[in-house]
Amino acid sequence: MFETTVAGSLPKPAWLAEPERLWPAWRLEGRALEQGKLDATILAVKLQEDAGIDIVSDGEQARTHFVHGFLANLDGIDFARKTVIGIRADRYKAEVPTVTGPIRRRGSVHAAEARAARAHTRRKLKFTLPGPMTIADTIADEHYRDRAKLAFAFAEVLNEEARELAALGVDVVQFDEPAFNVYMREVADWGVAALERAALELSCKKAVHICYGYGIKANIDWKGTLGSQWRQYEETFPVLARSSIDQVSLECRNSRVPIELIALLKGKDVLLGAIDVASNAIETPEEVADTIRRALAFVAPEKLFPCTNCGMAPMPSSVAYAKLAALAAGAELVRKSM
Ligand code: ZN
């Protein structure tokens, strides 16, 4: 009960990439970089184990960014053709590559680090991929010229990758869909359908992570405009509850999400964000326990998985792992008291 896990990314070691950056530059190159990515993956797994995390992740150590890391091994994308676009409904600008032809997977994208992680932990292993709607929102398109078609094209290659990860022994594949908190109508129209296409016939657990973004200024400013209650989940959760997705990872700690909205996820596993990634203040185990207990009024204990609000990539490493230790300790407090 209360198996702990992480939303996804973790800080990279300073010998691998610039620390505390969302789009860090690599500090190695060539074969040293490839080996360094695997070493960092194994290190991230071990540090999560030491912190007491039950379902560990690869920590996204082998990718510069959670979206563009996946795109690197696909045909149909011109990386030299960069366009600056406003993403997440123009919340912030990003320089993105351009889709210029049919999307196809050239081969494995993440198999090497999945193998490395699997070989070095006996715990359950989770692997994250960007969700189809979020990819479609983070790229320029001169080929499909239709957001839903573009998302389904990505869903097909995501599914190929996800099946390969499951075959390598990954226990949970999670698709990250921060765009689900932005384009509410499209989520119901085609976003969840594209997500289900990406997760089609997966033999492992299928998760989706929906958050209010990393703790960067553009996101913090945006959150300030959302009012006293963040009710975006109210529209998406009922659609997800009817879907084939098993688990939903959501933001809770220090957010203005009304906790009762998680009752809308009836039947699904709830990955409850009990750690704030926008603040370096380290939660106490009691604070984590309090977040879990508040959620227990709306979700069965066997369906509740204490988690972080979002990825931790841009945080100082010492802070991130201290927060994970607090997460595990908080879950243990609740376990003992039941
Ligand atoms: Zn997130």
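**Exercise 1. Find out how β2 and β3 pair, and place them in their sheet.**

Step 1. Strand β2 and strand β3 (residues 92-105) run antiparallel to each other, joined over 9 bridges. Strands here are DSSP runs of E with at least two residues, helices are runs of H or I with at least four, and both are numbered from the N terminus. Two strands pair if DSSP finds at least two bridges between them.

Step 2. Before going on, note that this is a predicted model: local features need pLDDT of at least 70, side-chain atom pairs count only at pLDDT 80 or more, and totals for chains, interfaces and linings use all residues. Residues are numbered from 1 along each chain as its sequence is written.

Step 3. Pick out one bridge: Ile 85 has Ala 94 in β3 as its partner.

Step 4. Now widen the view. The open sheet has 3 strands in the order β2-β3-β5, with mixed pairing. Because β2 (74-87) and β5 are the edge strands, each with a single partner, one side of each has no neighbour in the sheet.

Step 5. Add the helix: α5 packs on this sheet and touches β2, β3 and β5, its direction making about 70 degrees with that of β3. Such angles run from 0 to 180 degrees between N-to-C directions, with axes fitted to C-alpha atoms, for helices over the stretch in contact. Contact means C-beta atoms, placed from the backbone, within 7 Å.

**Exercise 2. Decide whether Arg 145 is buried or exposed.**

Step 1. Locate Arg 145 in the loop between β5 (140-141) and α5 (147-167).

Step 2. Recall the cut-offs: buried is 20 or more other C-beta atoms within 10 Å, exposed is 12 or fewer, and partly exposed is in between, with C-beta atoms placed from the backbone.

Step 3. Arg 145 has 9 C-beta neighbours inside 10 Å, so Arg 145 counts as exposed.

**Exercise 3. Explore the largest nonpolar core.**

Step 1. A nonpolar core joins buried Ala, Val, Leu, Ile, Met, Phe, Trp, Tyr and Cys residues through C-beta atoms within 7 Å.

Step 2. The largest one holds 106 residues, and those touching the most other members include Phe 154, Val 248 and Ile 292. Helix α5 gives the largest share, 10 residues.

Step 3. Look around Ile 292: leaving out residues up to four places away in sequence, its contacts include Phe 2, Leu 272 and Val 334.

Step 4. For the chain as a whole, buried residues make up 48% of the 338 residues.

Key. Contact = placed C-beta atoms within 7 Å.
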